[in-house]
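This briefing goes through the strands, the turns and two buried positions of one protein chain. Please keep the sequence and the model in view while reading.

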Amino acid sequence: HVTHAFNVQRFHHRDCGLANFALLSRLPQLPEFEGAVPPTAEIIGDTVHIAPLLLQLAVDAKPSGNLCFITDGIAEPVEGALLNHGGRPAVVVVRDGVPCVVLRDQPETLIGSCVMMVDAFRTALQTLGVSLERAVDLCCTTPARVAGLAHIGVLDVGRRADVVLLSADLAIEAVFVAGELVHSAT
C-alpha cells in the first residue's frame, strides 16, 4: 500500500519512483517484477495536494478496490486560523477555493488540508466525473478494507451502518452512526 501517493514522492518518465509505482494496475512482464503485485494507494482528494489532472489520472489508472481518497485534514476550514503543527507556526489559507494549511514563515509549504471526506467525495463526483458507485469505493469501501476495518465501509447485515445521507446537490441531510441518527439538517 502506498500512503500519501505523490506527497514528497518522485514521479518521472524514466527514473521511476514510488509515485509511478502507485499508479500501476498491473506490472510489466519482466524478471525484476516477477512475483510483485501492484499496490493499493491513497491520495489526498482535495485538488490542492494533488492537481486535478493527476487525480483524474490516478482514478482512471487504478481499478475499483485499489485507490483510496483521504483528506490529510489537520484543521478546521477557517481562513486565517493559526495553529501549531509539530512546533511550527501554521495558518489556514485558501488556494483555488480550497482551504489548506501552510507554514506561516514558508507559505509555499503545504502541510495539511482542511477538507472532510464529504469534500473528497464531492470532488470525485463533481470534478472527476466518477459514478456514485466509484465515489463510494474511493471514499468508503476501499479505505475501510485496506485499513482492515471489516465492520465499516459497506452496508450489510452485521455491519455497523455508519451512513451519511446526502441531498441531490450533495449537502449533508443526515448522519447515522451504528444505525442511530446522530445529526439531521432538518
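Helices (H or I, at least four residues) and strands (E, at least two) are DSSP runs, numbered from the N terminus. By that numbering, Asp-72 lies in the loop that links β2 (67-70) to β3 (82-85). The model is a predicted one. The points below cover an open sheet, a run of hairpins, residues with positive phi, and the surroundings of Val-91 and Thr-142.

**The open sheet**

- Strands of a sheet pair through backbone hydrogen bonds, either parallel or antiparallel.
- Four strands make up an open sheet here, in the order β3-β4-β5-β6, and their pairing is antiparallel.
- β3 and β6 (110-113) are the edge strands, each of them pairing on one side only.
- On average, neighbouring strands of this sheet are turned by 40° against each other, with direction ignored.
- Strand β5 (residues 98-103) runs antiparallel to β6, and three bridges join the two.
- Across the β5 and β6 pairing, Cys-100 has Ser-113 in β6 as its bridge partner.

**Val-91 in strand β4**

- Val-91 belongs to strand β4 (residues 88-95).
- Buried means under 20% relative accessible area; Val-91 has 16% relative accessibility and therefore counts as buried.
- Leaving out residues up to four places away in sequence, Val-91 touches Gly-80, Ala-81, Leu-82, Cys-100, Val-101, Val-102 and Arg-104.
- One of these contacts, Cys-100, is the residue that bridges to Ser-113 in β6.
- The C-alpha atoms of Val-91 and Ala-75 are 9.2 Å apart, and the two residues are separated by 16 residues along the chain.

**Hairpins from β7 to β9**

- Strand β7 (residues 163-166) pairs with β8 in the antiparallel sense, over four bridges.
- Within that pairing, Leu-166 stands opposite Ile-172 in β8, and Val-164 stands opposite Val-175 in β8.
- Five residues separate β7 from β8 in their hairpin, and Leu-170 in the turn has a positive phi of about 70°.
- β8 is also joined to β9 by four bridges, again with an antiparallel run.
- The bridge partner of Phe-176 in β9 is Leu-181.
- The hairpin of β8 and β9 has two residues between the strands.

**Positive phi outside glycine**

- Which residue of the hairpin of β8 and β9 takes a positive phi? Ala-178 does, at about 55°, although it is not a glycine.
- Ala-178 sits in the loop between β8 (172-177) and β9 (180-184).
- Is Ala-178 buried or exposed? Partly exposed covers the range between under 20% (buried) and over 50% (exposed), so Ala-178, at 43% relative accessibility, counts as partly exposed.
- Asp-72 is another residue other than glycine with a positive phi, near 60°, and its place is the loop between β2 and β3.

**Thr-142 in helix α4**

- Thr-142 is part of helix α4 (residues 132-146).
- With a relative accessible area of 1%, Thr-142 is buried.
- The side chains of Thr-142 and Asp-137 are joined by a polar contact of 2.7 Å.
- Not counting residues up to four places away in sequence, Thr-142 touches Gly-65, Asn-66, Leu-67, Cys-68 and Asp-137.
- Two of these, Leu-67 and Cys-68, have numbers that fall within β2 (67-70).

Terms used. Residues numbered from 1 in each chain as written. Predicted model: local features only at pLDDT ≥ 70, side-chain atom pairs only at ≥ 80, totals over all residues. Heavy atoms only, no water. Buried < 20%, exposed > 50% of the residue type's maximum accessible area, 1.4 Å probe, protein only. Pairing = 2+ DSSP bridges. Axes fitted to C-alpha atoms, helices over the stretch in contact; angles between N-to-C directions. Contact = heavy atoms within 4.5 Å. Polar contact = N/O pair within 3.5 Å; in protein donor to acceptor, adjacent residues only side chain to side chain.
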